[in-house]
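Let's get to know this model together through a few questions. Take a look at the sequence and the picture, then read on.

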Amino acid sequence: MSLIRTEILPFSATAFKDNEFIDITEKDLLGKWNVVFFYPADFTFVCPTELEDLAEQYPEFQKIGVEIYSVSTDTHFTHKAWHDTSDAIKKVNFPMVGDPTGTLSRNFQVYDEKTGLAQRGTFVINPAGKIVVCEIHDDGIGRDAKELLRKVQAAQFIEANPGMVCPAKWKPGDKTLKPSIDLIGKI
């Protein structure tokens, strides 16, 4: 079953952010755009490259009103230790959510029961708390924060412009389409 346009399920978790621990629930994701970014584990190989890339693009996400939540099945204590010891992770200023019970990972259908780890899942959530982008990657495939930013911008555009769609490689300012019978066979 697809998670697209479904509402996020209730959860309660603790995150590490700005050198402190904070509590987060699904209510914190309402009223604004969010990215929930699952990864397998701290102190690994592809994961720090992804989080560093996100950290470098984080100001661009903030400019368009988007909060990022990275999530793994590690604890918030482990997130702090990783943040304190890794040059790449020291750049992270968004909440690093601990999900040691796998509840949040299961809610988003990315929990691997065999390993107890989250798969590489990326979810964009609109202000109403509905999932509008859902991608899951194999563990060996790293994601690109600039491409994720572009997808969030497209989701924001279509949310603000009902009836319009964004073609492939669309970027803000590019031409969009208004689907109609007149376009059939002409694209």
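**A friendly tour**

Q: Which word fits Trp 82, buried or exposed?
A: Residues under 20% relative accessible area are buried, those over 50% exposed and those in between partly exposed (1.4 Å probe, protein chains only). Trp 82 has a value of 2%, so Trp 82 is buried.

Q: What kind of model are we looking at?
A: Residues are numbered from 1 along each chain as its sequence is written, and side-chain values use heavy atoms, without hydrogens and water. Local features need pLDDT of at least 70, side-chain atom pairs count only at pLDDT 80 or more, and totals for chains, interfaces and linings use all residues, as this model is predicted.

Q: How far apart are the end C-alpha atoms of helix 4?
A: Helices (H or I, at least four residues) and strands (E, at least two) are DSSP runs, numbered from the N terminus. Helix 4 covers residues 145-160, which makes 16 residues. The expected span is 1.5 Å times one less than that number of residues. That calculation gives 22 Å for helix 4, and the distance between its end C-alpha atoms agrees: 22 Å.

Q: Which elements help to cover the buried residues of helix 4?
A: The residues to be covered are Ala 145, Leu 148, Leu 149, Arg 150, Val 152, Ala 154, Ala 155 and Gln 156. Contact here means heavy atoms within 4.5 Å. The cover includes strand 3, helix 1, strand 4 (66-72), strand 8 (120-125) and strand 9 (131-137).

Q: Which element gives the largest share of the largest nonpolar core?
A: A nonpolar core joins buried Ala, Val, Leu, Ile, Met, Phe, Trp, Tyr and Cys residues through side-chain atoms within 4.5 Å. The largest one has 26 residues, and Val 35, Leu 51, Leu 54 and Phe 61 have the most contacts inside it. Two or more of its residues come from each of strand 3, helix 1, strand 4, strand 9 and helix 4. The largest share, six residues, belongs to helix 1.

Q: How many residues does the second, separate core have?
A: Among the members of this other core are Ile 24 and Leu 104. Ile 125 and Ile 131 belong to it too, and its size in residues is 19.

Q: Which residues of helix 4 does Val 35 touch?
A: Leaving out residues up to four places away in sequence, the partners of Val 35 include Phe 61, Val 66, Ile 68, Tyr 69 and Phe 123. Two further partners of Val 35 are also listed among the buried residues of helix 4. These are Leu 148 and Val 152.

Q: Which word fits Asn 19, buried or exposed?
A: Asn 19 has its place in the loop between strand 1 (12-17) and strand 2 (20-25). Its phi is near 60°, a positive value in a residue other than glycine. With a relative accessible area of 57%, Asn 19 is exposed.

Q: What is the relative accessible area of Gln 109?
A: Gln 109 also has a phi near 60°, positive although the residue is not glycine. Look for Gln 109 in the loop between helix 3 (103-107) and strand 6 (111-112). Gln 109 is partly exposed, because its relative accessible area is 43%.

Q: What distance separates the C-alpha atoms of Pro 162 and Arg 143?
A: Pro 162 is in the segment after helix 4, and Pro 162 is exposed, with a relative accessible area of 66%. Along the chain, Pro 162 and Arg 143 are 19 residues apart, and their C-alpha atoms are separated by 29 Å.
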